[in-house]
Every structure is written in structure tokens, then in C-alpha cells.
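Let's take a walk through a protein chain together. Have the picture ready to turn around, and we'll go from the big view down to single residues.

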Amino acid sequence: SKPTKASAPSPEPCRSSKIVDRVPPTNGLSVDVEDWFQVGAFENVIDKGDWDGLSDRVESNCAAILDLFAEADVQATFFTLGWVAQRHPALLRRIVAAGHEVASHGWDHARVFRMDRASFAEDLARSRKAIEDATGIAITGYRAPSFSIDFRTPWAYMVLAEQGFAYSSSVAPVAHDHYGWAEAPRFAFKPLPWADLVEIPVTTAMFAGKRLAAGGGGFFRVLPYGFSRWAIRQVNRIEDRPAVFYFHPWEIDPQQPRVPNASMKSKLRHYTNLDGMAGKLRQLIHDFPWGRMDVLAAREAARAVDLAA
């Protein structure tokens, strides 16, 4: 992800009468489990047919993440590609055994707005089977690759509901060159009037009347840590809502192979500040309360806005 061009606000918010003393909400901590060669930045230069021949680093990177979470005694949700689950079932069992949630990230990182209803249904079913075969546990959550559910895909929620998913965290309510649904609600909403399915968008913060992406990924790596701390405090203290944060296993892996034929823009997005990511994550995890996305979704369902209203 690429940070917005808007100037970052002061890392520490000004004191406001809107801030009151309360127990901070438990925020949603999530990992989008995909390997370095499966990311959107390289989708036009690395063929999916070549994936099996590339250096597989997802298992060792996830092991390091599990150690980090255990050190901080936090639980999280691992939104996992079916492609990864099929090849690393032991990894998924280790994630579940540590008390974390495993959920779907689709089969092979295909963006939802590039599929039709039938192919999306097939992608969902295939990835779900691989994950459930690996873990022996039914999954209830889904995150679209590259937050690719938006105004172009009104049928996607119908498919998710038909297949029994309880929640999705597939919307980035911002404008972005690769993704985004700028008109979507910033917090939990129910996209269908006839289903209990809840959408939990990734976090944004407000500055000068504009939404700023503040939920992790490249924005977290590139911008100073103070920005993320300011944004999460705004959401927790002023708006009394949980934040939703995500990152990828490859983001803590500065030794990963380089892709020489990628564009300079893609390289900047993918490789900037990999060295410092693990340390920033450790600080973030210790600074705020964190938990699984399924627990957050169940808690936020009562406050979800009805999108059809």
C-alpha cells in the first residue's frame, strides 16, 4: 500500500473535550497470510504458474509472528490464502493451537472486482475447503485480497452470506489507486437487509475533514509510528470504536528475494522499511489491547449500520 499524499498530522492529538476516561476497546489484529510473490504489487510481473518454483518463506515468517504474539500474549486472526493452506497445513494447525483464528483470504489473491459472481463463489469454496481440511475447524471470516470488495461488487456479500460466512473485513473506506470504497461507512455495517453478515472495514482516521488510511500494511511501514498511535487513539478514545489493523508475513522479512523487473513504484511500496517493521509491530502490540476479528465482529454486530437503510 502507498501512503496518501496528505500531510501526516502531529503524532500526538490535541486534548479534546470529546476524550473521556473509559476502558479502551479491544482492537482487531490481523495477518494477511500470503508470500512475497503473491502480492498485488507484483501480480503483473510474476506468473501464478511459477509460484511453486519460488522461494517459500511464508511458514518461517509466520513462525516469527507467532512468537511475537506469544511474547505479548495477544490473539489475532490469520486471513490465509487457500493456496498457502493447501501447502502448509501444519502451519495452520499451529496457528489454531496457539489460540488464533484462521479465516479465508481467497484462493490465490485474485481481486474480487475482477471476478463474476460464479467465479467468486468457486474461489470462496475452494479456499474454504483447503483451510478447513488443514485445521478441522469451520471458518466464519473472510478478507478480500487487496480489500477488493467495493461499489462494483454488490453481489459479493450475497455469495458470502449464501456460503455461511458471519463476517467480512474486506473494505478500505478510502480512495486509493489499487483499491478503496470511499463512500463506505468507516465502521461496522450490515450490507444485506436479509442476512446477519457484518462487514468490518479496515481502520481510517479523520484529519481536516478527510479520511486517512491508518489500518496497517504499507502505511504503517512507511509513516512514522506516531501516526499510527495517533490514529488508533483517535478511533478508540474519541469515537469509542475498535481499530482494525493488518499486516503481511513478508513485511517482517527484509531478506526476501527481490523482483528486479517490477516497477519502481511497486518496489518502493513493497520494500520500504522492511528492516524496521518487526520493531514497530512489537511496540504497537504492546501499546494497545488486541484480539481476534471474529470476537470483534460479534461484538460490533449490535452497532453495525444497516447499509440498506
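What percentage of the 309 residues in the chain is made up of buried residues? The answer is 56%. Keep in mind that you're looking at a predicted model.

Start with the overall build. There are ten helices and twelve strands in the chain. Its radius of gyration is 18 Å, close to the 19 Å that the globule rule gives for 309 residues, so the chain is as compact as a globular protein of that length. If you lay a ruler along the principal axes, the C-alpha trace spans about 55 × 45 × 35 Å. Now think about who touches whom: among contacts with a separation of 6 or more, 78% are between residues 24 or more positions apart.

Next, the outside and the charges. About 12900 Å² of the chain is exposed, and carbon and sulfur atoms supply 52% of that. As for charge, count 36 positive and 36 negative side chains, with the centres of the two sets 6 Å apart.

Time to zoom in on the rings. The structure holds 21 aromatic pairs. One of them joins Phe42 and Tyr271, whose centres are 6.0 Å apart; with 40 degrees between the planes, the pair is tilted. Where do these two sit along the chain? Phe42 is in the loop between strand S1 (27-33) and helix H1 (58-72), while Tyr271 belongs to helix H8 (residues 264-271), so this pair links distant parts of the chain, 229 residues apart. Are the partners buried or exposed? Phe42 counts as buried because its relative accessibility is 0%, and Tyr271 counts as buried too, at 13%.

Compare that with Phe220 and Tyr225, an edge-to-face pair with 6.3 Å from centre to centre and 80 degrees between the planes. Phe220 is buried because its relative accessible area is 1%, and Tyr225 is buried with 10%. These two also have company: Phe220 and Tyr225 are part of one aromatic cluster together with Phe69, Phe78, Phe245, Phe247, Phe288 and Trp290.

Let's go back to H8, the helix that holds Tyr271. Which residues of H8 are buried? They are Ser266, Arg269, His270 and Tyr271. What do they pack against? The buried residues of H8 pack against helix H6 (217-222) and helix H9 (274-287). If you step just past the end of H8, you'll meet Asn273, which takes a positive phi of about 65 degrees.

Is that worth a second look? Well, most residues other than glycine have a negative phi. Two more spots to find are Ala208, where phi is near 55 degrees, a positive value in a residue other than glycine, and Asp240, where phi is also positive, near 55 degrees. Ala208 sits in the loop between strand S8 (204-207) and strand S9 (210-213). Asp240 has its place in the loop between helix H7 (225-238) and strand S10 (244-247). How do they stand towards the outside, buried or exposed? Ala208 is exposed, because its relative accessible area is 69%. Asp240, at 27% relative accessibility, counts as partly exposed.

How values were computed. Residues numbered from 1 in each chain as written. Predicted model: local features only at pLDDT ≥ 70, side-chain atom pairs only at ≥ 80, totals over all residues. Heavy atoms only, no water. Helix = DSSP H or I, 4+ residues; strand = E, 2+ residues; numbered from the N terminus. Rg over C-alpha atoms; globule rule 2.2 N^0.38 Å. Buried < 20%, exposed > 50% of the residue type's maximum accessible area, 1.4 Å probe, protein only. Contact = heavy atoms within 4.5 Å. Areas by Shrake-Rupley, 256 points an atom, 1.4 Å probe, with all protein chains shown as cover. Lys, Arg positive; Asp, Glu negative; His and termini not counted. Charge placed at Lys NZ, Arg CZ, Asp CG, Glu CD. Phe/Tyr/Trp six-rings, centres within 6.5 Å; stacked < 30°, edge-to-face > 60°.
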